[in-house]
Structure formats: C-alpha cells, structure tokens
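Reader: Hi! Could you walk me through this one? I'd like to start with how the strands pair up.
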Amino acid sequence: MSRMQNAVVESVKTVLGWVPAQWLPGGTPDPLILRRAAIGRQASRLDGPEKVRGQARFAAEVAMDRLCYASLVHSTVTLGRITRLDTANAEAAPGVILVMTHRNMPRIGTLALIGLTDLSAVGNSSLPIMQEPAVRYNGQVVAAVVAETQEEADHAASLIEIDYAVDTAKTRFDDAKDKARTPASILIEKNHVSVGNAERELGRAPHRVDNIYRTPGHNHNAIELHGVTVAWQGGSLVVHDATQMIAPSANALAKLFGLKKEQVRVLSPFVGGGFGGKGLWDHQVVAVAAARLVDRPVRLMLSRDSVYRMIGGRSPTEQRVAIGADADGQFTALVHTGYSIMPPYGACPEQYTLGTRALYRSKSFEIVQRHVDLDVVPNTFMRAPGEAIGTFAVECAIDELAHAIGIDPIELRRRNEPDRHPISDAPFSQRALTQAYADGAKRFGWERRLAEPGARHDGEWRIGMGCASGSFPYARMPGANVRITLRRDGSATVSCSAQEMGMGTATVQVQHAADRLGLPVEAITFEMGDSALPAGPMAGGSSQTVSVAGAIMAATEKLTGELLRLAGNDSPIAGLRAGDVRLVDGGIAGINDPSRRESYRSILARAARDEVTVSAAGSAPLEMLKFAMHSSSAIFCELRVSKVTGEVRVDRLLGSFDCGTILNPKTAASQFKGGMIMGLGLALTEETLFDERSGRIMNATLADYHIPSHLDVPEIDVMWTGIADPRSPLGARGIGEIGITGVAAAVANAVFNATGKRIRDLPVTLDKLL
Amino acid sequence: MNPVSYQRASSIDQAIQMAAGGRGRLLGGGTNLVDLMRKGVERPSSLVDVTTLSDAIEETSEGGLLIGAAARNSAVAAHLQIRSRYPMLARSILAGASAQIRNMATVGGNLMQRTRCLYFQDVAGARCNRRAPGSGCDAAGGFNRYHAIIGASPACIATHPSDMCVALAALDARIQVAGTRGARTIPIVDFHRLPGERPDLETEIEPGELIVAVEIPPPRFARSTYRKVRDRASYAFALVSVAAGLTVRAGRIEEIGIAFGGVAPKPWRAFKAETALRGGPATSQAFEAALADELADATPLPGNAFKIELAQRTLSAVLTELSGSDR
C-alpha cells in the first residue's frame, strides 16, 4: 500500500465529511432494525442436521470418476537452490502417474497479492509456484506426486531425492529489526500517526507506563485440513475447494491459467473452519496444474504438517506501549509502536496498532508499525489479525497504569472513553463500551475483586480477576452481488457465492431475507458456496454478513420496483412508489395506509408470471469512511495460579459485547465463545516454535502445538448490549473475530491480580510464574 | 509411509519367531509406532501384532499383581485392585495421553515408547543422534523445554515420555521378557538406558526378545499418588511429574518411593533422596534438602532450567500431601 493510496483514502474521507449523512448508505437507518420478526430469534443452523448425519460434503470428500491423489514435497532448507533432483525412484514406485517439479510444472505467472483495490487479487504469496529451482522459505512446495491412491502418492513423495545449494537466510527476528521498513499505510489506514508530541507528554506525565510486550507466531489449526478436488472438463476447470474466497479464487485461477472467468467454477458449500487461513495458497494451484498434466481429476488434501509448512499463520510481534496520564488519569500520551514480520512477497501486515486509534481519547498519539523481512512462509490473516494481539499489549498497559494510579481499571477506561474518533474526529456510528463494561461487571461480580494483588487464596491456589477491552472494526465489502427469485407460490430463493465456514451464513441470511421480503423463514432458500452464483465478497474481516445483507437490501429495492411495475394500474397499490411501500405478510403494503396491499401471488398471477428475478450489488460502503464504526467488548476473567507449580487454571470467562444488532443469539453466542476459546489459547498455550537457526517450524503437529484442550476451557458466559448501529444493514456489525480480542489481556491482568507478576510475553506459561 | 507387511502372532513363541531377523517390529496399540512410521522415523519392513497375547491382570502368589503386556492402558487404570492398592499407577496412566489413545495403547507399548523430542521426530529437517547415530543433536541449542536436566549426555538430552513408567519405577516393578534365549526379568529401573554415547540403544531388550508381562510387588506404601505438571490441563507431556509413595509412622518416614518424569532420559528413580529421607522426619525442610542433593548433578539448559525448582516444589507438595502434615 502506498502514499498514493493514503492520499486517495484521506481525500475521500474529507469529502465524505462534508456530505450529509442521509445521502450515504446508512444515512437513514435500515427499517428492519425496528421491524423484525425472524432476525434476532434463536435459530439452529440450517446445515446442522446434514453435518451431524455426515451428509455435508467437504472439498476433499467429493467423489469423482478416475480420481487420483496428490502428495507434496516441501523444501527442508530455508533459502537456496535445488542442485540435484532425482525423481526416478518416485516415478517407478507403484501407482505413480506423475511426478511434478519445477521442471515440468506448466509455466504460469504469479498470484496478485490480496489487496483492497483489485477484488480478484487474493494471493497470500506472490512467489512463483514451482516454476524455478530457487527456494525462498523452509517448507515451500518443491514437488508433487500424483498416484492412484493417497498411500502410493505419499510413499512415492518420500522417495524423491533433492540436494540444495544453501544460502544464508534471514531467520532471526531481533537481527532483522535493524533493517525493518516503515510502510506508508497499513491496509487502508495511514501507518504513522503522530498527534502532538507524545514522547514529550510522556516525559512530563505524573503517571506513566512504558513497556515492551511480545507475542509469538501462531499457526492455523482448523479442524478441516486444507483440501481441494480438481477436474478439468474440456477447457473448463472445476475446483471443489475449502475456501473463504470463492468468487475471488475463481477469478484469480482463471487469470493464472489463462482462462475466461466463466471457464472456472469454484465450489465450496462447507468449510470446516477458516479463521483467515483458508485462502488461495500454492496447493490449489499445484492441484490444478497436476490435473491438467495427468488429464484426470486430482485430489490434494494437505497433511497437518503441510498446513504448518505452507499456510502462513500469525506473525510474532514486539510491541511498545506507553501511556502517560495526568493526575486524574486522563491520558496525555498514547504510544503504540512495534515490529512484526511481513516479507515483501506477503500480503498481511498484522495490523496490531489499528484498533488502538479508536479505543481511547488522548492528548497526543504516536503510532507506527515496522515490518521485519524474514525468509519465511508469508504470514496471513488469523482471527482478528492485529486486534487479537494489539489489544493484549494496550489492555495490559491500561491495567498496569490503573494499578500505578491506584484506581479501578474499568474506571480508568471510563475516564478516557472517547466521544468521537480520537484521531480522525469522525463521529462514532454507535458505541456503548461503557455500558458493556457496566453490564458485564455486574453479571461477573467484579465488585468482589480485591485490587491488592495476591490477596485471595484457596489452598495452594492464588485467585485473581482481570478485565480488558476488545475491539474490532466494522467492515462491509464492496462487490457483493445477489440474485433474488420470488415465485408466485410465495417462496423465494436468494443466491450469492457466499461462504460457510461453520458460522451459520445461510441460516442468518434466510432469517434476514424472510424479514426483508415479508415471508416466513420456511419460504426462503439461500443458495451459496458456488462461483457460478452472483459473486459475493470473501468471508474476511467479519464482513460477510453485512456485505451480503447490503446486497439483499439493494436487490429487494429493485424487486419492489419490479413488483410495483408488474402490479400495474389495476392494483390496490397502484400509484405508490418504492419509498411508499414495505414488503410484509407475503405482499406489498403502503406504509402510511397498510390497507392498500396486494399479495405477491396476486400480483404475479395478474401479470401471468410464475416468478420474478432481480440481481443487484450492494451499495459502495461509504458509511465506513464517513463514520467511525467499531465493535467493542469487555472481557472478564477469573483464574487460579498454583503457588507450587505456577500452573494457571481459568475458572470463569465472560464476554460483554457491543456489536450492533445480534441477528441470531444461538449462532452469535457460538461465534463469541469460539473466539474467546481461541483467545485462551493465545493467552496460555499457543506458540509456533520457529527455530531461528534453521528457519523451520518445529512443532508442526496438534500434539506439540498446544491449542486449549477441553479441560483448559471453563464455563464461558456471553452477553451483549444489542444496540443497533443506525449506519449498517440490519444495525449489525461483524462478530466473527471480536471474541478473541481482549482475552489474552484479561487473562494476563487476572494473573497479575492473583500473583503480582506482570507477564508481558505470551503465552503465559507456568515457568514465568514460578 | 513405507510399504510394510503385517502379521498377527497368536502365541509368545510365534511372536518371537515372526519378529526374529529382518527389521520386524512388534506392534501394540500403535499409538506411538504408527505415528513414527508416518513421520519416517521408524521404517520397519514388517509388523508383528502382539495385541492378542495376554492382557490379563492377575494377583501373584506373593500378593502383588501381574499385568499382561497386551493389557490396554485404560484397562489397567480402571482395574479395581490397581485403583485401590496402587493409586499412583492408576493416576499416572490417567494423566497421560487422551482417553482414545489409552484405549488403544498397551502396557508393553507404553514401556517401549520413544521420546517426543521435536528434533527426533523431524527426519527431514533436524539432526538427531538417537534417530541417526553420529549425526548430531539439534535439541541442545534449540527448543529444549521438554528435555532432561539430569541423566542426559552430550549426545542426547531427550526425555522418556511415559507417565505409567514413572509410577512403575516408584513401585519397583519388574519386566518379564521372553526371547530366543529364554525368559528373564528386568527391574524397571534398569530397563531404560541412559543415553551416554549410544542414545539409539534405549532399553535393555535384546533383538529377538519381547515383553510378556509387568510384575508389581505387593504394596509397600500407606499412601501414594502421581502428580503431573504440564503446559495445558490435559493432553500434554510432563514438564515434571512425580510418582511418590510414603509410609509415615510416629512422624518418621518408614517407607518411601519417589520417581520423576519429564526430567531425565528414563523414569528417574530418586534413590539418593529416598535414602536420605528414610527413617527421618516427614517435614518439608527434609523433603527439600533431600531433593536438592538428588538434583545436585543436574545440568539444565536455558530452555529447561526452571524444572529444577519445579521438581523441588512439586515433590515437596506431593510428599507433604501424602504425609498428611498439611492437615
């Protein structure tokens, strides 16, 4: 991202600052905020029964005639060049159909990196894929074997012999900090934000904290391994993928293999967990190329080891957070700077400082991120990239400052609660973090916390409570398209190439469409998971639900116009315009005079139509630029720390969320809790063991990379303000990622309250507490 | 994974005969061996399934127990005699792995399981003297949180991963072995070898031999338990674990057995500490002093130096609990 982009975004924001709000999307609150029936109801996932019965087909389960199986070989060196490649034994092994290396892989270009300017750009790496003998990171794919069975492919892959000429690689984070670069922007935000003179303010503040926080690398561990089943049919390509970006992947694969967009079809009706890791990586490209060479369908399902080696995770960070406060605890300086990894061929900037800009009011700010360049698999987006670990540093610092001043940490936050965006001065669309804290504190029993660390005991256990804020920005993606077909029998089908990674995409959009179209939920079908459908945006940035909802809103407006036209002059609603009517009870009714109404059945019958179909795209998401739109949360934790062993056991966790309208309490609670469990892993157990001597990940298994076990997860309580955001479709903001944010800080703050020890490097393992 | 032949033995003699010669390996539940085959660490040409051999748990004439080598870990942990008379053994087994793995894993296989050192398991990317003798050890300067602080050698610092074996060590179990040259019994404390210059030689088992049963002497402790300290609440290997049994009479320690897991290349029987404590007072000062002596020769690394203190604290807490002096 460039200075040019900064200039463009800044000038758009400036212009929008002058434009009256009512001219923009969200200028008039979505009427469904006040008038909802299915939305907000507890509803089970529509795909639940299929999944429980094992009938849901995932990408690596799709059956095909003459299917063959691929296995990958990864580089065991970090930087270098292949000098000898002996595939003879592999080629001679039983069942082998093809051994593909840089020698015979079809010549293709490179993927365009994920960007916000080109929606078909979805690459996580811009490195060539098996095109040359060069190796750029440890674990890069250097060969693929295709065989009649998976076992034969795996065995043959182990017979390939490779020698490398090894170059000196950049693998040490601390050593590379000297050469770190300072990018002009982070995603669409300006990177370096300097308001006032923060260092000077810090120097003269009566209260201040100034510390370094470290977070380790993390790897993606979705239950479903990355997998793809690929078939060339004539000149067309069918890809059954496990992906969060169906339509963009189809476009990118078409570009890469010189096909027209309509020649590539990506299907992904179910994904067994995404979290940012299920994007377009080398394996889909390798499978497509291999299928072309063998002229048969190919299945490539990664091993868990392969996922670690070739799918990026969360970058490690080193963050400095310094806060200065006056005698009343009002912030005079807020400094958040640091380092994370972003190789030049990667796409994810790990935006750990973005959330900090909107959390607190301060007289001065100094915020900047620096990118460290290492020879590693490019890191990628992982549930709340940035905020998950940025909130750890900032929210621990807040707790430290509160302790230093001697006031309650919730009170300190309340005193610094902003009423407008602290940097841009844009108005918040809606923000009730203070209420989320008040509600959460009451339910949690925060008043029982003793401010003095180490004051509560139970046998060998010290007991502590902690809290922290979480935050995540609202996003609505441009380029969301849907098609609505309304039939004379009063049923409707909504179609969009949206993604379902387990969160209940179809369920919630059926609830939405039912209310939007004035139909019962049983009458709605939501078609998704297929690039042949109208293109939806990727499922990322917790944006899919409102992005698709915005497109359904636009399509419904179009449908209303079409129905009014079809109703003609003999209808009770004749003469009414789109703005005068609403869709309700299976028909159109006047807003001011509801007695003027006609059912869809009647309109379509008179027009001699079985159905009416409209397509539309969501409006440009300008509300994001005019308003400061953020979700926030208050996380509370109670835990025990063993005086003997330093072991931490979390007893209670509560999340109080302010995320706009909650569309479905059941699926929402599940999202929040899942995020909070991932936050526990971030706090206590998860760490990628990257050996800086070799550049190799050493714990590439679920046995050695510790995600929380069942016994590590306590009862989790979630609640929400439910206050609608007047600027977003349905009043909703995304909820997929915010659950993880704030949790690590709440845990670390509780550990301090229990023991008096500040742990500023994650994970909080027992050796740090002995 | 390499092509491999599979046979099932129906008797001890047949198992010995099937495994003799070649690169045949005995297969129990496969919970470790099959993983290692997938990783390419183990490359046997043939497998001899011995899960059909005795899995009986029977009382011996001297009042102890005899556990067939094919007994599943979960069956041992659930056995009434073991739960009531050897609680440390039941608890040690339940502290290990997951319920699913314990249902598959056999007692013989548990004794023979191999280290989980990350570098031992990474055939493609790391040097390891235990896996490839003479190639070097990447663990020493790498991630060694789970590695030994005592009993290691410059060639290898890996730990033995078993929980069950730690309890067996404290209980003075004996391993009954059969082979082409006849049957013999090996005390568990001698069964696993220290690495020295040959970390690849892990046990006293000779080629052509197989474990038939584990013999546990009659209970000698009034109270016993197992405590495991690890990086998550379940399904993680021990950083430090303690199996301890204690009989205290009139404030004096009459009988004591202590073994550690997670700190050494084998289940570490703390003979020195036991000798120091036997006959003396059951006080936390005595416990701490005895263990300081036991670990005087410890050679910790930057990644695992905390284990010395952790071992001391854990042992002291366990013995204090067993001696009842905290009540």
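Author: Happy to. Two strands pair if DSSP finds at least two bridges between them. Helices (H or I, at least four residues) and strands (E, at least two) are DSSP runs, numbered from the N terminus. This is a predicted model, where local features need pLDDT of at least 70, side-chain atom pairs count only at pLDDT 80 or more, and totals for chains, interfaces and linings use all residues. Residues are numbered from 1 along each chain as its sequence is written, with chains lettered from A and ligands numbered from 1 in the order in which they are written.

Reader: Great. So how many bridges join strand 9 of chain A to strand 17?
Author: Three, and strand 9 and strand 17 (residues 365–372) of chain A run antiparallel. In strand 17 of chain A, A:Ile367 stands opposite A:Val193.

Reader: And what's the strand order of the open sheet in chain A?
Author: The order is 9-17-16-15-10, five strands with mixed pairing. Strand 9 (193–195) and strand 10 (207–215) of chain A are the edge strands, each pairing on one side only. From one strand to the next, the twist averages 10°.

Reader: Which strands does helix 11 of chain A lie across?
Author: Helix 11 (residues 387–405) of chain A lies across strand 10, strand 15 (317–325) and strand 16 (331–341) of chain A. Helix 11 runs at about 150° to strand 10 of chain A. Axes here are lines fitted to C-alpha atoms, for helices over the stretch in contact, and angles run from 0 to 180 degrees between N-to-C directions.

Reader: Switching to chain B: at what angle do helix 12 and helix 13 cross?
Author: Roughly 140°, and the axes of helix 12 (residues 284–294) and helix 13 (residues 306–323) of chain B come within 9 Å. Helix 12 and helix 13 of chain B are therefore oblique to each other (under 35 degrees counts as roughly parallel, over 145 as roughly antiparallel, 65 to 115 as roughly perpendicular and the rest as oblique).

Reader: Nice. Which residues make the contact?
Author: Among them are B:Phe287 and B:Leu291 of helix 12 of chain B, and B:Leu315 and B:Leu319 of helix 13 of chain B. Contact means C-beta atoms, placed from the backbone, within 7 Å.

Reader: Last one: how many residues of chain A are in contact with chain B?
Author: 28 residues of chain A are in contact with 24 residues of chain B. Helix 4 (residues 150–157) of chain A gives the most to chain A's side, with three residues.

Key. Contact = placed C-beta atoms within 7 Å.
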